[in-house]
Amino acid sequence: RESQPKLKGTEAEFFGEQAQKQEHPAQKIADQKKVDQAIVAAVAKVPFLASYLASSFSLSKGEAPHKLNETISEQVKSPVAVYCGVDPTASSLHLGNMVTLMGLLHFHLAGHQVLPLVGNATGAIGDPSGRSTERVALEQDVLAKNIAGIELQLKRFFERGTAYAQSRIPDLDPNVLRPVRVLHNADWYQGLGVLQFLGSVGRHVRIGAMMARDSVKSRLQSPQGISFTEFSYQLLQAYDFWYLYHHHGCRIQLGGSDQWGNITAGTDLIRRLPGPQSTSAGDQDSQSIGEAFGLTIPLLTTASGEKFGKSAGNAVWLDETRTSPFDIYQFFVKTSDADVERFLKMFTLLSLPKIAQVVKDHSQAPHHFLAQKLLAAEVTQLIHGQAGLNQALCATEVLFGNRKSLESQQFTSQDFANAFLGDHRLVSIPRSHVLGKPISEIAVLLGSCKSKSEATRLARSGGLYWNNQPIADSKWVPSIESGDFIGENTIGIVRTGKTNYRLLQIL
């Protein structure tokens, strides 16, 4: 620390200007003392943070969970600022992102200041971590759309997550929780020229350390190699952490296990580069903030090692227009027995004793899928709220229940419309185009079959269903008078095969 150089010239001027835009962290900490006292009391009431960290943060490559370092365990006993970044490479977050967002949510509920960061600057560069090829550069209009979508989802996630938590955590008082602050890293890159960046940040970073990062080494060994643009990404993420540390008092960065190299680049930069108002590395302001830490969570995979995400091509989106509440629910209902306990710990706020009991009950009657149904309900409510869960349950009953259960539920036409809102499987057709038509023609109108002959073949082979009842005669005509429609006589369900559904709504 004593050997760290002082900022000079334009570097000191620039960083001094940046500091003036934000209240200094030391002053913020002083102003927060009274608030912190109330939050410390709140933290004591929420012991699940420690159990979450112990159960969710583990060594990579499938090794046994390890105990958190005692130093960082001490840090989270009082309020700290924690950040996690996400680049807007798509218009929606996905389950892979949710793993780290759950970490932020736990910190938020324990009274800490969480800082979700939208990488609207770094998103234009692209993180090489976990990729074998370079990302395709996004057009500005696409990037802007992605940024807006990600920011909205981040805010909604914490709003719904806090509401969900209130029904799961006794004595949780949302009034003492710090407001979630969604930040954009373009805010601190504006006005920062390349010469200023290289002259200040670049001189404190060693090429050997950059080359040693796993994300870089793997790409260097690949036929595609790595561009200077992606090679320099770790500098930008390191600077993000440095900036948040000095301007927002952020001491912990949270990320997936593939972010370890980028996170340690940040802690190293914080150690080497003095703060904007420091005159020496031992400045009192730096000491008042304390050390910087990094936490990583294993990437989301199944027990077989299969990854989830955009790169893996099997992303489950948090945007209801891309993955409906029903599809989220069904995804988790189909969770394997080998994964369900781990997913309950990762994606819900249920206590560990509750999870252990559910898993035990499930093992005694696995054919009832108790653990999977609980997991599906909890995650759907967390992501989409109670209304989204109601939609998913309604759709599940519609698509997988029998005729008797459908009638007993007495769903209205609006219930069906809400459950399948925005879902391509809900097809609205004028009454005159449907009534009096055989099921073979209806199946073609709905897109269930390409032709009436295909519908006839499916009926003969037992693969054509109306309201989950097999129809052997493709010329059969459903009628309102015979009670063949449900939902106030306006809904009919056509299924072909095991999973291809279409919901007919008569207008």
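Which element gives the largest share of the lining of the largest cavity? The predicted model places that share with α7, which contributes 4 residues.

Internal cavities were computed for the whole structure. There are 3 cavities of 30 Å³ or more. The largest cavity has a volume of about 90 Å³. Its lining consists of Q153, R156, F157, R160, L318, D319, E320, I383 and H384. Two elements each give two or more residues to this lining: α7, spanning 140–166, and α19, spanning 370–400. Residues Q153, R156, F157 and R160 fall within the range of α7. Residues I383 and H384 fall within that of α19. The lining also includes L318, D319 and E320. By class, the lining of the largest cavity holds 4 charged, 3 nonpolar and 2 polar residues.

The second largest cavity encloses about 50 Å³ of space. Its lining is formed by V205, R213, Q234, L235, A238, A265, D268 and L269. Here the elements that give two or more residues are α13 (233–248) and α14 (260–272). Q234, L235 and A238 lie in the range of α13. A265, D268 and L269 lie in the range of α14. V205 and R213 also belong to the lining. The lining of the second largest cavity divides into 5 nonpolar, 2 charged and 1 polar residues.

Terms used. Residues numbered from 1 in each chain as written. Predicted model: local features only at pLDDT ≥ 70, side-chain atom pairs only at ≥ 80, totals over all residues. Heavy atoms only, no water. 1 Å grid on protein atoms, 1.4 Å probe; cavity = no way out; pocket = protein on both sides within 12 Å on 5 of 7 lines; lining within 4 Å. Points joined across faces, edges and corners; volume = space filled by probe spheres on them. Nonpolar A, V, L, I, M, F, W, Y, C, P; charged D, E, K, R; others polar.
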